Amino acid sequence: FPFPFAPYRIQEQFMEALYGALEAGRVGIFESPTGTGKSLSLICGALSWLRDWEEKRRQEEERLLELGAGGQDTAGQPDWVTAFVQSKEERDRVNRLKEEHIRRKRREDTLEKIRHNVQLKYAAKRKRCEEDEAKRLLQLSKEALSQGAGEGVLDQLDHNEEELILAEYESDDEKKVVSGLEEDDDDLEEEHVTKIYYCSRTHSQLSQFVHEVQKSPFGKDTRLVSLGSRQNLCVNEEVRRLGALQLINDRCMEMQKNKHEKKSDEENEGKKRRVSRTVCPFYSYEQMQFLRDEVLVEVKDIEQLVSLGRETKACPYYGSRFAIPAAQLVVLPYQMLLHEPTRNAAGIKLKDQVVIIDEAHNLIDTITCIHSAEVSGSQLCCAHSQLSQYMERYRKRLKAKNLMYIKQILYLLERFVAMLGGNVNQNPGCQAVSQTGTVLKSINDFLFESQTDNINLFKVQRYCEKSLISRKLFGFVERYRGPASAVKINKENQKLAGLQNFLLTLQQGSDKEGDSPVEAEHDQLRTASPLMQIEGFLSALTNANQDGRVILNRQGTVGQSSLKFLLLNPAVHFAKVVEECHAVIIAGGTMQPVADFREQLLCCAGVDPARILEFSCGHVIPPENILPIILCSGPSNQQLEFTYQTRDLPQMMDETGRILCNLCNVIPGGVVCFFPSYEYEKQVYGHWEKTGLLSRLSAKKKIFQEPKKANQVEQVLVEYAKCIKRCSQTGGQMTGALLLSVVGGKMSEGINFSDDLGRCVIMVGMPYPNIRSPELQEKMTWLDKTMPRAAGQAPSKVLIENLCMKAVNQSIGRAIRHQKDFASILLLDHRYTRPAIFNKLPQWIRERTQVKPAFGSAFAALRKVRTHHILCP
């Protein structure tokens with residue numbers, strides 16, 4: 001096996017288990033700690049199975065084709081109806097196999113020709129240059145002809161405003177096919193081959209995986225395609241400048257629609273349109289077909305795909321989607337696969353395919369987040385004002401069905417604001433809420449109390465998606481936004497003064513509040529029109545009544561209040577993935593505890609327990625390279641129990657400081673200390689400043705604190721690493737650095753504290769979630785009602801423990817990152833010794849953990865390990 005950095009034994013075990021799970025069509029939960037070559041094992045195990053699967057299928061097809069050519073055995077003499085039906089089905093199947101065989105052969109020949117014939121690439125590039133020159137000359141001639149013709153005015157609307165008018169809308173029941181596009185797509189659609197969908201959390205992780213594929217033995221002859229959002233793949237600078245993902249999506253869809261409707265618009269209306277603004281020059285079917293073939297010939301990551309799109313002047317977003325049917329390995333973010341509308345829009349078909357979800361430790365939270373939505377009172381009022389002004393402006397130009405749906409949306413917004421105790425006709429920032437607090441309601445109760453249960457939300461949601469109303473509304477608002485001097489108040493746009501004043505009022509109100517982190521996070525959403533957020537909330541309300549709750553959060557004013565949909569049952573959206581796929585592999589470096597995946601996600605999705613396979617491989621490091629210790633008491637014999645009632649006591653904070661002072665004296669390099677929350681970390685830091693413990697710590701380690709803002713994390717990590725490197729080279733009294741971090745923060749996931757960056761990881765207390773949270777309380781209640789008790793424990797209690805231990809396991813796993821790494825792990829709380837908690841540690845940590853009732857024995861063990869590694873690194 002050509003990967004020397006990980007032991008052959010571990011990779012062999014991993015691949016054997018993976019191959020067996022794929023062969024049997026199982027749902028596997030695979031845990032493989034960092035350093036075991038997990039990505040390469042996933043690649044080689046899955047692609048090896050895929051090659052064998054394709055060979056078996058090809059042999060079966062050849063057998064059926066031979067059987068179809070030689071005739072059918074009529075032994076037994078069935079009745080003539082049965083014989084006719086059977087023979088017809090068999091003939092149809094043989095014909096389909098013949099067509100697929102011819103199509104596959106043609107595709108393989110084409111790819112082989114492209115792979116070995118460089119002249120074809122130059123010919124295609126020369127053809128593109130000739131077409132670009134022809135288009136440029138044609139555009140110049142059109143502009144020359146139009147200079148003397150003038151531009152007519154239609155209904156007192158200028159040229160730019162024509163783009164803001166909603167097209168005539170027809171529902172699915174009235175018009176199954178729009179402009180023949182669906183028929184064309186069906187004719188051009190290629191049969192999907194058996195493939196592997198590999199999903200991970202971020203684009204950087206996917207790029208890393210693609211680079212691993214390129215280095216693997218399968219890199220040269222694997223048909224791989226990388227999928228991403230338009231925000232990552234769009235090469236049209238005019239569209240990319242919009243910034244917000246939803247705006248980019250809407251603008252792209254609008255340009256496609258304009259491309260197909262351009263000819264009929266010019267014939268019917270006779271008006272001039274600027275092609276560069278309404279039609280995407282990269283959406284060329286011929287060029288996207290060329291890009292598709294290039295993608296299938298050679299493995300490319302997203303950056304290479306974007307560069308290829310710019311070079312070929314073809315859309316990488318749609319070109320990559322064209323490559324899905326013929327691809328053997330599809331790499332995509334798992335948000336794209338887990339959200340069914342996005343999955344369908346991308347052309348992903350899961351029937352009898354294989355799905356591998358990597359970095360899946362937060363899979364349940366991801367599914368819950370994807371299908372939840374929240375809108376504030378300010379967004380509801382702002383959307384109502386914008387939409388009202390839009391309807392008044394273009395009422396005479398809108399078709400009756402458009403007006404009907406717009407009035408339904410306005411009514412929904414009005415009733416939603418009323419549920420928060422406000423009025424849409426008043427400034428939300430000035431309306432005080434009489435009854436503050438948080439109320440949870442079922443979907444049916446919310447719709448009934450808001451008097452919106454008589455509106456078909458499915459049709460309204462479909463209308464919002466198909467009509468691009470949020471995009472039109474955003475263009476309308478952008479056109480009339482700005483200072484008063486930008487819009488002349490005359491008879492034509494006098495009605496827009498109310499909208500403009502309203503927007504200025506909201507802007508002034510937000511400016512007074514200052515640039516808080518919360519406001520900064522919502523800047524993009526405000527820019528992208530509040531109606532886009534509301535569309536997500538309407539979509540969430542179409543879930544089944546028992547699967548979610550609506551949270552009414554009334555705080556201070558209507559603008560500060562919000563409506564939130566909380567998904568309680570993530571399995572309902574994961575069930576289709578499991579049902580359709582041949583096999584599903586849920587993999588991660590730290591998956592413990594796995595009970596959540598098995599019970600909340602798989603069993604609730606209807607998966608047979610016999611189909612579930614759990615596999616956990618050992619770590620690559622030798623046993624002596626890690627020292628996990630559960631410390632029950634500190635240097636002054638103070639019992640360590642960081643409960644919510646006791647952790648704020650001065651003696652507990654003093655004891656934590658003494659432990660750190662002693663450890664920093666004997667541990668070289670970097671020490672990472674995790675606290676349960678930002679608030680507690682700040683409180684402890686302030687207490688140490690008053691008592692002088694902070695100055696004692698600073699004498700041995702330079703202290704760094706994890707920032708709350710994401711854009712400051714990299715700078716802190718760079719300074720932290722520089723300090724450790726400088727201290728190791730120069731020597732002296734200061735031996736390294738101490739990093740005070742937070743569980744669940746920016747540095748508890750995805751950050752590698754390898755080698756000297758993390759020689760010791762300390763966990764202060766147990767980071768239990770806030771059980772006073774209404775969302776968590778509702779989740780606990782729902783679990784107690786729907787899930788059986790496990791080992792005498794209530795499901796709600798198990799949930800709390802699992803959430804805590806998942807966070808702990810992710811944090812303490814930051815230190816050991818490769819085979820020769822070594823570190824110590826200290827868990828400062830005697831509650832870790834309880835069997836229910838202790839058994840939820842990762843197996844490779846649990847097997848080597850020592851329980852130390854007193855600090856003296858723990859300190860001696862740490863000094864011994866430190867001496868051993870200094871002498872024998």
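Start by selecting Tyr832 in this predicted model, and then display the residues that Tyr832 touches beyond four places away in sequence, which are Ile630, Met763, Gly765, Met766, Pro767, Met805, Val808, Leu827, Ile837 and Phe838.

Keep Tyr832 on the screen and widen the selection to the nonpolar core around it. This is the largest nonpolar core, with 72 residues, and Tyr832 is listed with Phe30, Ile812 and Leu827 as having the most contacts inside it. If you then colour helix α2, residues 38-70, you will have picked out the element that gives the largest share of this core, namely 8 residues. Apart from this core lies another one, of 63 residues, and to find it you can select Cys280, Met288, Met336 and Ile357, which are among its members.

Next, turn to the sheet. Select β6, β9, β8 and β7 in that order, and you will have the 4 strands of an open sheet whose pairing is antiparallel. Which two strands stand at the edges? They are β6 (373-376) and β7 (437-442), and each has a single partner strand, so one side of each is left without a neighbour in the sheet. As you look across the sheet, note that the twist averages 15 degrees from one strand to the next.

Now zoom in on the edge strand β6 together with β9, residues 557-567, where the two pair in the antiparallel sense over 4 bridges. To see one residue pair, select Glu374 and then Lys564, its bridge partner in β9.

Two helices can be added to this view. Helix α17, residues 377-394, packs on the sheet, where it touches β6 and β9, and its direction makes about 70 degrees with that of β6. Helix α31, residues 774-786, also packs on the sheet, touching β7, β8 (548-555) and β9, while its direction makes about 35 degrees with that of β7.

For the last stop, select Ser616, which lies in strand β11, residues 612-616. Is Ser616 buried, partly exposed or exposed? Its relative accessibility is 29%, and because buried means under 20% and exposed means over 50%, Ser616 counts as partly exposed. Leaving aside neighbours within four places in sequence, Ser616 is in contact with Glu31 and Gln843. Draw a distance line from the C-alpha of Ser616 to the C-alpha of Glu31, and you should find 4.6 Å, although these two residues are 585 residues apart in sequence. Finally, show the side chains of this pair, where the side chain of Ser616 makes a polar contact with that of Glu31 at 3.0 Å.

Technical notes:
Residues numbered from 1 in each chain as written. Predicted model: local features only at pLDDT ≥ 70, side-chain atom pairs only at ≥ 80, totals over all residues. Heavy atoms only, no water. Core = buried A, V, L, I, M, F, W, Y, C linked by side-chain atoms within 4.5 Å. Buried < 20%, exposed > 50% of the residue type's maximum accessible area, 1.4 Å probe, protein only. Contact = heavy atoms within 4.5 Å. Pairing = 2+ DSSP bridges. Axes fitted to C-alpha atoms, helices over the stretch in contact; angles between N-to-C directions. Polar contact = N/O pair within 3.5 Å; in protein donor to acceptor, adjacent residues only side chain to side chain.
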